[in-house]
Amino acid sequence: MLVLALLLVCGAATGCGGRATTHHKPGTSHEQASGSVGTLLTADDGAGHRLREVPAQGAPEVQLTVRSDSEDGWNLQLAVKNYRFTPDSTGGAALPGAGHAHLELDGRKLARLYGPWFHLPATQVPEGAHTLTVRLYADDHTAWAVSGKPVQATTQLTATATAPGPSAGHGHGHGPGETETEAAPKPPDQQQADRTVTITVRDGKVSPAPARTELRRGERVALRVTSDRADTLHVHGYDKELALPAGQEATLILTADRPGLFEVETHESNLVLTQLLVR
């Protein structure tokens, strides 16, 4: 009986050393259930997420580096300090120096980031000059802030009709540092693909039904996806991601240069779209 009582107590206390539970009392928000880390401000990040103020000393920091991808678009790297990405805890309590990031283009959210690397396809950036922003969040979706300002970094990105490439930029947010960018031309034929897979997501259902797409090693495949809600496509094994704007077709082109079976799924709705079988 004593052992059983101890086990019950441990389970109620978030697993006796495990990560904080993602469940909270019905009728309360994640913010209300997130504990006492920092100070929850009434101000928000501009997108409805309240700011969680922490002292400058030891606060999370982020810098953003953008480089042209020789295949398509750009590769983004987030260099963080006093911070770790915790995708398995998203939706739980706010823990010190932990969480995820949001990527914005001109103030419009493109994707939620669960790690330091992200591929931004050229199809997601209209022609012209733009501002990229990455902002750090806690697991309960509040935005980390110092002195009333969100912890974030920004850079300028310029896309042209023939050869998109980033322009020189500067990182902003808590902590010093500049954002580095490198431009590189992209041959027009790199937009072509050997295979095209067209997928539609509507009302939580995938059409056509998820199946395997067989590819020879070295073939280029275009994933054309239309979703009725904003989401993010992720190709496992290749770590390629693609923002899916609601109601708009988005295309990700990748080279199947490694053999194996790789799932293509959505982040928010957790739907399997297809499987890439590369031989």
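This is a short walk through two parts of the structure, a loop residue and a sheet.

A word first: the model is predicted.

Let's start with Asn82. Where does Asn82 lie? Asn82 sits in a loop, with β4 (74–81) on one side and β5 (84–85) on the other. Buried or exposed? Neither label fits Asn82, because its relative accessible area is 37%, and that makes it partly exposed.

Now its contacts. Which residues does Asn82 touch, leaving out those up to four places away in sequence? There are Gly58, Ala59, Pro60 and Glu61, and then Gly97.

Take Ala59 from that list. Along the chain, Ala59 and Asn82 are 23 residues apart. Their C-alpha atoms are separated by 6.3 Å. There is a polar pair here too. The side chain of Asn82 places a polar atom 3.0 Å from the backbone oxygen of Ala59. So for your contact lists: the partner on the Ala59 side is backbone, and on the Asn82 side it is side chain.

Next, the sheet. This one is open, with 4 strands. Read across, the order is β16-β15-β18-β21. The pairing is mixed. Which are the edge strands? They are β16 (205–207) and β21 (249–255), and each pairs on one side only. From one strand to the next, the twist averages 25°.

Now look at β15 and β18. Strand β15 covers residues 195–202, and strand β18 covers residues 220–227. The two run parallel. How many bridges join them? The count is 7. For one position to find on screen, go to Ile199: opposite it, in β18, stands Val225.

That's the tour.

Technical notes. Residues numbered from 1 in each chain as written. Predicted model: local features only at pLDDT ≥ 70, side-chain atom pairs only at ≥ 80, totals over all residues. Heavy atoms only, no water. Buried < 20%, exposed > 50% of the residue type's maximum accessible area, 1.4 Å probe, protein only. Contact = heavy atoms within 4.5 Å. Polar contact = N/O pair within 3.5 Å; in protein donor to acceptor, adjacent residues only side chain to side chain. Pairing = 2+ DSSP bridges. Axes fitted to C-alpha atoms, helices over the stretch in contact; angles between N-to-C directions.
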